[in-house]
Amino acid sequence: MVIDTWRLLKWGDVVCVMVLGLLWAMLTYWTWTQPRATRVRIYQDGKVYAELDLMAANILHVTGPLGDTVVEVAAGKARIAHDPSPRQYCVKAGWLTQAGQSAICLPNRTSIELIGNQPRSYDSLSY
């Protein structure tokens, strides 16, 4: 015997499912949206090496233990354009645009992090 499940739902059940769906959509949007970044902070060996404005085009060579890491900043975005590390994970991260994003080159001890106008309420460890 096949039971039609739609017939078992009452109008209150349908309203409840619709409200929960709307709440889920709003929470998903609110959780995953991030503000645009305004600055890029460059670290070398755990210390701040430089902090640059994202709106000013710039190319910076950061010297690490393996050689130079090239950080490129242009039109509100930043990336690591070249790194002497063997696996190139930080280069493959591509252009970063939103506050909180980062690219880390562990073998060369170099990283970049994008910073916005508002302080973050969490970091990568407590999130």
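## Overall architecture

Read along the sequence, the chain runs through the pattern α-α-β-β-β-β-β-α-β-β. This amounts to three helices and seven strands. The model described here is a predicted one.

Of the 127 residues in the chain, 26% count as buried. The accessible surface comes to about 9,300 Å², and carbon and sulfur atoms account for 62% of that area. Among contacts between residues at least 6 apart in sequence, 34% join residues at least 24 apart.

## The four-stranded sheet

Four of the strands form an open sheet in the order β2-β1-β7-β6, with antiparallel pairing. Its edge strands are β2 (47-53) and β6 (102-105), each of which pairs on one side only. Neighbouring strands of this sheet are turned by 15° against each other on average, direction ignored. In general, the strands of a sheet pair through backbone hydrogen bonds, either parallel or antiparallel.

The pairing of β6 with β7 is antiparallel and extends over four bridges. Ala103 has Ile112 of β7 as its bridge partner. Strand β7 covers residues 110-115 and includes Glu113. Glu113 counts as buried because its relative accessible area is 17%, under the 20% cut-off. The side chain of Glu113 makes a polar contact with the side chain of Tyr43, at 3.3 Å.

## The disulfide

The chain contains one disulfide. It is formed by Cys90 and Cys105, whose sulfur atoms are 1.9 Å apart. The pair links distant parts of the chain, with Cys90 in helix α3 (residues 89-92) and Cys105 in strand β6, 15 residues apart. The angle about the S-S bond is 105°, and the link of Cys90 and Cys105 is right-handed. A disulfide is a covalent bond between the sulfur atoms of two cysteines.

Both partners are buried: Cys90 has a relative accessible area of 3%, and Cys105 has a value of 2%. Cys16, by contrast, counts as partly exposed, at 41% relative accessibility.

## Helix α3 and the surroundings of Val91

Val91 also has its place in helix α3. With a relative accessible area of 23%, Val91 is partly exposed, whereas Cys90 is buried at 3%. The boundary that matters for this assignment is 20%, so Val91 does not count as buried.

Setting aside residues up to four places away in sequence, Val91 touches Ile80, Ala81, His82 and Asp83. For Val91 and Ala81, the C-alpha atoms are 5.9 Å apart in space, while the two residues are ten apart in sequence.

## Two loop residues: Asn108 and Ala57

Asn108 lies in the loop between β6 and β7. Its relative accessible area is 0%, and Asn108 is therefore buried. When residues up to four places away in sequence are not counted, Asn108 touches Gln44, Gly64, Pro65, Leu66, Gly67, Asp68, Thr69, Asp83, Pro84 and Ser85. A polar atom of the Asn108 side chain lies 2.8 Å from the backbone nitrogen of Leu66. Asp83 is among the residues touched by Asn108, and Asp83 is also among those touched by Val91 of helix α3.

Ala57 lies in another loop, between β2 and β3 (58-63). At 67% relative accessibility, Ala57 counts as exposed, in contrast to the buried Asn108. Residues up to four places away in sequence again being left out, Ala57 touches Val73 and Ala74. The C-alpha atoms of Ala57 and Ala75 are separated by 6.6 Å, although these residues are 18 apart along the chain.

## Summary

The predicted model combines three helices and seven strands, including an open antiparallel sheet of four strands in the order β2-β1-β7-β6. Edge strand β6 pairs with β7 and holds Cys105, whose disulfide partner Cys90 is in helix α3. In the loop between β6 and β7 lies Asn108, buried with a relative accessible area of 0%.

Technical notes:
Residues are numbered from 1 along each chain as its sequence is written. This is a predicted model: local features need pLDDT of at least 70, side-chain atom pairs count only at pLDDT 80 or more; totals for chains, interfaces and linings use all residues. Side-chain values use heavy atoms; hydrogens and water are left out. Buried means under 20% relative accessible area, exposed over 50%, partly exposed in between (1.4 Å probe, protein chains only). Contact means heavy atoms within 4.5 Å. Accessible areas come from the Shrake-Rupley method with a 1.4 Å probe; for residues, only the protein chains shown count as cover. A polar contact is a pair of N or O atoms within 3.5 Å; within protein, one must be able to donate a hydrogen and the other to accept it, and residues adjacent in sequence count only if both atoms are side-chain atoms. Two strands pair if DSSP finds at least two bridges between them. Axes are lines fitted to C-alpha atoms, for helices over the stretch in contact, and angles run from 0 to 180 degrees between N-to-C directions. A disulfide is a pair of cysteine sulfur atoms within 2.5 Å.
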